[in-house]
Amino acid sequence: MNTIFKHFTMNTIFKYSTIICLLILTSCSNVSFNNSQPVHIENLKEIPERFQGVFEQKNDSTERYTVTPISINGDLINDADPVICVKNEGNYLFVNTQLENKSWSFVCVKMIQSFNYEKIFIYDIVVDKKGLEELGVEYQITDININESEESYILSDINYNQLLSLINKFGVERELIRIN
């Protein structure tokens, strides 16, 4: 067990892990979705091995993620009443976290691996009305402020190409480093 957790009881870790995970996974994005994304991809039963481990944000060791086959920072993925839905396609891991208004926050993890080379990026989406209209995305402004510095939107009926365009054009990139 990680030394940071030795000082806490399992009960304490369980109580606070959901709150910590939600704060970490929704730290920058100003959009949420009516459904977990991408809608055409099934929820995973287990996170692929290449995405498992302990990671921290490059240049910020306080941002740490522990990913096991069935959990992220201690929170179970895709259980009977999912709060965290995880999906995978190729080099992308899509992590959706249900918010209090039942919409889904979203981050995308991209992994590039070849032999001993590995780069891992996490993307939050930060977009404005003009960007959403440019992509032809249906949205509504939400009163639940996901990111305090930006106007927040709930997106509906988004297709996979629009989702990838949001990530590519409006994704805020943070690099992660595997530490274990």
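The exercises below concern a predicted model.

**Exercise 1. Classify Ser156 as buried or exposed, and list its contacts beyond its sequence neighbours.**

Step 1. Locate the residue: Ser156 belongs to strand E11, which covers residues 153-156.

Step 2. Apply the cut-off: buried means under 20% relative accessible area. Ser156 has 16% relative accessibility and therefore counts as buried.

Step 3. Leave out residues up to four places away in sequence; Ser156 then touches Asn34 and Glu138.

**Exercise 2. Describe the largest nonpolar core and state which element gives the most to it.**

Step 1. The largest nonpolar core has 20 residues. Those with the most contacts inside it are Phe33, Phe106, Ile125, Leu155, Leu166 and Ile167.

Step 2. Two or more residues each come from strands E1 (31-33), E8 (104-114), E9 (117-125) and E11, and from helices H2 (129-135) and H3 (160-170).

Step 3. Helix H3 gives the most, with 4 residues.

Step 4. Take Phe33 as an example. Not counting residues up to four places away in sequence, Phe33 touches Ser103, Trp104, Phe106, Ile125, Ile154, Leu155, Ile158, Leu163 and Leu166.

Step 5. A second core, separate from this one, has 18 residues, including Ile47, Val67, Val109 and Leu176.

Step 6. As background, nonpolar side chains in soluble globular proteins tend to be buried together.

**Exercise 3. State how many disulfides the structure holds, and whether Cys85 and Cys108 are buried or exposed.**

Step 1. The count of disulfides is 0.

Step 2. Cys85 has a relative accessible area of 2% and is buried. Cys108, at 0%, is buried as well.

**Exercise 4. Find which residues are linked in a network of salt bridges, and place the bridges along the chain.**

Step 1. The structure holds 6 salt bridges. One of them joins the side chains of Lys58 and Glu175, at 3.7 Å from N to O. Lys58 lies in the loop between strands E2 (53-57) and E3 (60-67), while Glu175 is in strand E12 (residues 171-178), 117 residues apart. Lys58 is partly exposed, with a relative accessible area of 37%.

Step 2. Glu175 also forms a salt bridge with Lys119, the closest N and O atoms being 3.2 Å apart. Lys119 lies in strand E9 and Glu175 in strand E12, so this pair ties together parts 56 residues apart in sequence. Lys119 is partly exposed, at 24% relative accessibility.

Step 3. Combine the two pairs: Lys58, Lys119 and Glu175 are linked in a network of salt bridges.

Step 4. Consider a further pair, Glu118 and Arg178, whose side chains meet in a salt bridge of 2.9 Å, N to O. This pair links strand E9, which holds Glu118, with strand E12, which holds Arg178, 60 residues apart. Glu118 is partly exposed at 28%, and Arg178 is partly exposed at 28% relative accessibility.

Conventions: Residues are numbered from 1 along each chain as its sequence is written. This is a predicted model: local features need pLDDT of at least 70, side-chain atom pairs count only at pLDDT 80 or more; totals for chains, interfaces and linings use all residues. Side-chain values use heavy atoms; hydrogens and water are left out. Buried means under 20% relative accessible area, exposed over 50%, partly exposed in between (1.4 Å probe, protein chains only). Contact means heavy atoms within 4.5 Å. A nonpolar core is a set of buried Ala, Val, Leu, Ile, Met, Phe, Trp, Tyr and Cys residues joined through side-chain atoms within 4.5 Å. A disulfide is a pair of cysteine sulfur atoms within 2.5 Å. A salt bridge is a side-chain nitrogen of Lys or Arg within 4 Å of a carboxyl oxygen of Asp or Glu.
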